[in-house]
Amino acid sequence: MSNSIDVCLSPKLIDLYDLEGKIVVVVDILRATSVMTTALAHGAKEIIPVEKLEVAKEYLTKEGYLCAAERGGEQIAGFPLDNSPFNYMKDNIKGASIVITTTNGTVAIEKSAVADQILVGSFLNLTSVAEYIKTQNKDVVVHCAGWKGKTNMEDTLYAGALIERLQSTHALGCDTPHMALKYWEAVKNDLQQTVADSAHAKRLNKLNITKDIRFCTQIDEYDVVPKMEGTSLVAVK
Ligand SMILES: O=C(O)[C@H](CS(=O)(=O)O)OP(=O)(O)O
């Protein structure tokens, strides 16, 4: 095995990882990377992820952009889109250039900038991302977006699920990928309930979005590999 896979459990830890020359898979199951996967699967032309709300606001007055902003799970006033996957399946998504800023997911994407390739992963496109990685002959770091710098259950579980699919081609880099894999193996047959019991899901439940959580824990709903090209996330052809 010539390649390796490692897991960073929070953007606060990413400086400990050498990303140069590697593929970074950013994951924010609830909900940013599930939303991005859904939008590209439904024909969005590109997604421009931005960390800062001020930067997203600049696009509101530019022609040709659909803008989304979320903080603490709630839509920011003045932005037409929120962070629910169900709003990225509609007719206006096809061919759209979407600008999005979210609490955790877009932070992790920006903090992955030095990587050779940045992919966006979710349970919705688990196998597609794994199969693409197998064609690349590169080391991988799974960058979990977590919640406001803290570790979370669902992103760690995704890391374990991706490792399960890559363990024949990628050696496990240190203890974290082993932990993620063991955790995934222990609960994978009860994924929906496990994530429904997570702190993140309980926070979001207060906003009445139980159906989003159920949707984001479906495996292989879409065959799409979102990859950063310059400042845009596009579907790999
Ligand atoms: O909108 C979401 O699902 C979360 C909100 S929060 O983390 O619970 O505040 O944002 P995301 O960036 O998608 O993790």
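# Salt bridges, ligand shell and backbone

Biologist: Which exposure class does a relative accessible area of 22% give Glu-164?

Modeller: Glu-164 has a relative accessible area of 22%. Buried means under 20%, exposed over 50%, and partly exposed in between (1.4 Å probe, protein chains only). Glu-164 is therefore partly exposed.

Biologist: What kind of model is this, and at what pLDDT do side-chain atom pairs count?

Modeller: Residues are numbered from 1 along each chain as its sequence is written, and side-chain values use heavy atoms, with hydrogens and water left out. This is a predicted model in which totals for chains, interfaces and linings use all residues, local features need pLDDT of at least 70, and side-chain atom pairs count only at pLDDT 80 or more.

Biologist: How many salt bridges are there in the whole structure?

Modeller: A salt bridge here is a side-chain nitrogen of Lys or Arg within 4 Å of a carboxyl oxygen of Asp or Glu. With that criterion, the number found in the whole structure is seven.

Biologist: How many residues apart in sequence are the parts tied together by Glu-164 and Lys-188?

Modeller: The side chains of this pair form a salt bridge, with 2.6 Å from N to O. Helices (H or I, at least four residues) and strands (E, at least two) are DSSP runs numbered from the N terminus. Glu-164 is in helix α5 (residues 153-166) and Lys-188 is in the loop between α6 (175-187) and α7 (191-196), so the parts they tie together are separated in sequence by 24 residues.

Biologist: Which residue of the Glu-51 and Lys-52 salt bridge is buried?

Modeller: The closest N and O atoms of this bridge are 3.8 Å apart. Lys-52 counts as partly exposed because its relative accessibility is 45%. At 19%, the buried residue is Glu-51.

Biologist: Which residues are joined into one network by salt bridges that share partners?

Modeller: The bridge between Glu-229 and Lys-227 has its closest N and O atoms 3.7 Å apart. Shared partners instead link a network made of Glu-164, Arg-165 and Lys-188.

Biologist: Which residues does Asp-212 touch, leaving out those up to four places away in sequence?

Modeller: Asp-212 lies in helix α9 and is buried, at 1% relative accessibility. Contact means heavy atoms within 4.5 Å. Beyond its sequence neighbours, Asp-212 touches Arg-31, Asn-83, Ser-84, Pro-85 and Phe-86.

Biologist: Which of the 15 residues around the ligand come nearest?

Modeller: A residue is near a molecule or strand if one of its heavy atoms lies within 4 Å of it. The shell holds four nonpolar, eight polar and three charged residues; Ala, Val, Leu, Ile, Met, Phe, Trp, Tyr, Cys and Pro count as nonpolar, Asp, Glu, Lys and Arg as charged, and the others, Gly among them, as polar. Those that come nearest are Asp-28, Arg-31, Asn-83, Thr-102 and Asn-104.

Biologist: What share of the ligand's own accessible area does the protein cover?

Modeller: Ligand oxygen atoms lie 3.0 Å from a backbone N or O atom of Gly-105, 3.3 Å from a polar side-chain atom of Trp-147 and 3.1 Å from a side-chain N or O atom of His-200. On its own the ligand has 360 Å² of accessible area, and the share covered by the protein is 99%. Accessible areas come from the Shrake-Rupley method with a 1.4 Å probe, as does this figure of 99%.

Biologist: What is omega at the cis peptide bond between Leu-30 and Arg-31?

Modeller: Most residues other than glycine have a negative phi, and most peptide bonds are trans. Arg-31 sits in the loop between β2 and α1 (32-41). The cis bond joining Leu-30 to Arg-31 has an omega of about -5°.

Biologist: What is phi of Lys-148?

Modeller: Lys-148 is in the loop between β8 and α5. Lys-148 counts as exposed because its relative accessibility is 52%. Lys-148 is a residue other than glycine with a positive phi, near 50°.

Biologist: What separation do the C-alpha atoms of Ile-219 and Leu-126 have?

Modeller: Ile-219 is in the loop between α9 (210-216) and β10 (226-229) and is partly exposed at 36%. Leaving aside neighbours within four places, its contacts are Phe-123, Leu-126, Arg-165, Trp-184 and Leu-191. Ile-219 and Leu-126 are 93 residues apart along the chain, yet their C-alpha atoms are separated by 6.6 Å.

How values were computed: Polar contact = N/O pair within 3.5 Å; in protein donor to acceptor, adjacent residues only side chain to side chain.
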